[in-house]
Protein chains: 2
Amino acid sequence: MSNPKHSDNTADAVVPKAVVTRLSLYLRELQTLLRGGTETISSNQLGKVLGFTDAQVRKDLTYFGQFGYPGIGYRCEELIVEIKKILGTDRKWPVALIGVGNLGRALLGYRGFGDQGFQFVAAFDLEPEKIGQSIDRIPVFGLEQLEEIIGQRSIKLAVLAVPAASAQSVADRLVRAGIDGLLNFAPVTIALPSSVSLVGVDLAIELEQLTFAVVKKDDKS
Amino acid sequence: MSNPKHSDNTADAVVPKAVVTRLSLYLRELQTLLRGGTETISSNQLGKVLGFTDAQVRKDLTYFGQFGYPGIGYRCEELIVEIKKILGTDRKWPVALIGVGNLGRALLGYRGFGDQGFQFVAAFDLEPEKIGQSIDRIPVFGLEQLEEIIGQRSIKLAVLAVPAASAQSVADRLVRAGIDGLLNFAPVTIALPSSVSLVGVDLAIELEQLTFAVVKKDDKS
DNA sequence: TAGATTGTTAATCGATTAACAATC
DNA sequence: TAGATTGTTAATCGATTAACAATC
């Protein structure tokens with residue numbers, strides 16, 4: 001039995017961003033495995049399905065503690081709990097959505113968020129017809145209520161699905177309203193104070209990564 | 001000793017994946033700058049808005065050629081053309097969408113794809129009510145027509161927006177149908193032959209990257 | 001010319017992998 | 001015990017940055 005000695009070193013070593021991304025992939029895979037009835041898994045097996053080496057899996061995890069059993073591997077259920085603690089998704093996170101367009105509405109209804117502990121509690125838009133409505137049980141407010149609602153409800157995470165032209169100004173307001181993390185879907189660079197975390201998802205850019213690979217392959221043949 | 005030439009080495013040096021991602025960011029920023037009237041930009045300025053060093057910008061670009069002017073910088077319009085050539089988006093790409101749910105429908109209507117040369121030409125779903133419809137002018141076919149339509153139209157790129165449980169089997173069919181690149185939104189690991197490119201976007205994982213950063217910050221204070 | 005900035009090499013930094021004693 | 005696998009250090013590999021001659 002391993003001694004839980006991972007109390008003090010949690011998060012004081014600088015953890016590479018890539019490690020955190022893989023942590024999320026481990027979590028997702030472990031959840032899939034557990035659903036399928038797998039109880040334990042070795043770093044080698046887990047790495048293989050995700051395309052990583054066993055050493056990498058073990059190294060990544062030891063940034064945060066000792067979670068495995070020599071000779072056995074990792075217990076899926078246990079490791080899931082630990083990774084959720086590390087990522088901070090061992091709790092429920094209320095989330096605000098800004099921009100109730102096509103994409104925004106799809107995000108409001110996306111089941112995958114709820115499964116991982118995220119819950120939209122308020123949406124915001126400029127269009128009068130949308131304000132006052134509820135979409136998938138989430139109330140849509142006018143943009144002018146942004147600061148009020150986010151403050152009241154202590155919302156720390158926001159998802160930006162507004163047009164590129166207004167993304168920066170809305171982001172600025174979100175920061176002033178007290179947001180700590182922003183997931184930006186607008187295809188534009190956003191500048192934020194370094195105290196606020198930013199993740200950007202640009203759908204066209206994802207496709208460009210694909211075309212680059214496809215074109216490169218064609219060049220070779 | 002012979003002089004190694006790097007004039008026609010486009011794409012035979014192995015290009016790190018991170019470089020390609022930054023290339024897309026350069027492109028997006030240059031397009032924004034050009035729209036705003038900027039004609040030339042230095043590696044230092046371009047790096048600054050994106051959070052990179054000037055050396056990194058120049059190094060990334062020289063994987064593919066010499067595009068700048070000493071003493072001046074880069075001409076935005078010119079560099080945009082060059083990066084598009086590199087990424088393969090100097091042409092139009094027909095794209096298939098599989099899974100016409102909330103997210104799928106939002107993607108069909110997403111303007112950002114068209115702006116960068118991507119065009120959905122066919123959507124597929126299992127539900128009979130959806131089949132035969134058109135959404136944003138894109139026809140929805142039954143899944144049984146997948147191979148037929150993709151073959152006929154020589155579609156090389158597909159976007160997967162189906163439930164996690166069916167993602168792998170649909171991916172397998174897409175590969176057999178001749179797809180070269182797959183953008184997967186299903187929150188599950190997909191295994192593909194190495195000849196097919198895969199980019200995965202997991203929306204919950206993106207939020208987890210944010211919570212990790214937020215929780216870590218809280219720990220410190 | 002003086003000032004600015006590129007392209008590129010060499011130095012530095014950081015991340016991944018190999019190896020193995022410890023352990024179950 | 002024999003076999004399997006972890007946690008961790010050291011070695012390797014790769015990516016970023018600094019520096020500067022060349023150039024406009």
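**Entry 1: aromatic pairs**

I counted the aromatic pairs of this predicted model and found 12 over all chains. I then examined Y26(A) and F52(A): the ring centres lie 6.1 Å apart and the planes stand at 85 degrees, so I recorded the pair as edge-to-face. The cut-off behind that label is an angle of over 60 degrees between the planes. I also looked up where the two residues sit in the chain. Y26(A) belongs to helix α1 (residues 17-35) of chain A, while F52(A) lies in the loop between α2 (43-50) and α3 of chain A. With their positions 26 residues apart, the pair links distant parts of the chain.

**Entry 2: relation of the two copies**

I superposed chain A on chain B and obtained a rotation of 180 degrees, with 0.0 Å of shift along the axis and an RMSD of 0.0 Å. The two copies are therefore related as by a two-fold rotation axis. I next asked which C-alpha of chain A is nearest the axis. I found that of A106(A), at 3.1 Å from the axis. I also compared the contact residues of the copies: 100% of those of chain A recur in chain B, and the same surface serves both copies.

**Entry 3: domains of chain A**

I consulted the domain assignment, which gives chain A a domain 1 (5-86) and a domain 2 (93-205). I noted a distance of 30 Å between the C-alpha centres of these two domains of chain A.

**Entry 4: surroundings of DNA strand C**

I listed 24 residues around DNA strand C, of which S43(B), R58(B), Q66(B), G68(B) and Y74(B) come nearest. Among the atoms of DNA strand C that come within 4 Å of the protein, I found that sugar and phosphate account for 68%.

I then went through individual polar contacts from chain A. R22(A) places a polar side-chain atom 3.1 Å from a phosphate oxygen of DNA strand C. For T53(A) I recorded 3.1 Å between a polar side-chain atom and a phosphate oxygen of the strand. Q56(A) has a side-chain N or O atom 3.1 Å from a sugar or linking oxygen of DNA strand C.

Which elements supply at least two residues each to the surface near DNA strand C? I identified α3 (54-62) of chain A and α3 (54-62) of chain B. α3(A) gives the most, with four residues. By residue class, I sorted this surface near DNA strand C into nine nonpolar, 10 polar and five charged residues.

**Entry 5: surroundings of DNA strand D**

I repeated the search for DNA strand D and found 23 residues around the strand, the closest being S43(A), R58(A), Q66(A), G68(A) and Y74(A). Of the atoms of DNA strand D within 4 Å of the protein, I assigned 67% to sugar or phosphate and the rest to bases.

The polar contacts that I looked up here involve both chains. In chain A, an N or O atom in the side chain of Y74(A) is 2.6 Å from a phosphate oxygen of DNA strand D. In chain B, T53(B) has a polar side-chain atom 3.1 Å from a phosphate oxygen of the strand. For R58(B) I recorded a base contact: a polar side-chain atom lies 3.1 Å from a base nitrogen of DNA strand D.

I identified α3 of chain A and α3 of chain B as the elements giving two or more residues to the surface near DNA strand D. α3(B) gives the most to this surface, with four residues. I divided the residues near DNA strand D into eight nonpolar, 10 polar and five charged.

Conventions:
Residues numbered from 1 in each chain as written. Chains lettered and ligands numbered in written order. Predicted model: local features only at pLDDT ≥ 70, side-chain atom pairs only at ≥ 80, totals over all residues. Heavy atoms only, no water. Near = heavy atom within 4 Å. Polar contact = N/O pair within 3.5 Å; in protein donor to acceptor, adjacent residues only side chain to side chain. Nonpolar A, V, L, I, M, F, W, Y, C, P; charged D, E, K, R; others polar. Domains from an automatic or database assignment. Least-squares fit on C-alpha atoms with pLDDT ≥ 70 in both. Contact = heavy atoms within 4.5 Å. Phe/Tyr/Trp six-rings, centres within 6.5 Å; stacked < 30°, edge-to-face > 60°.
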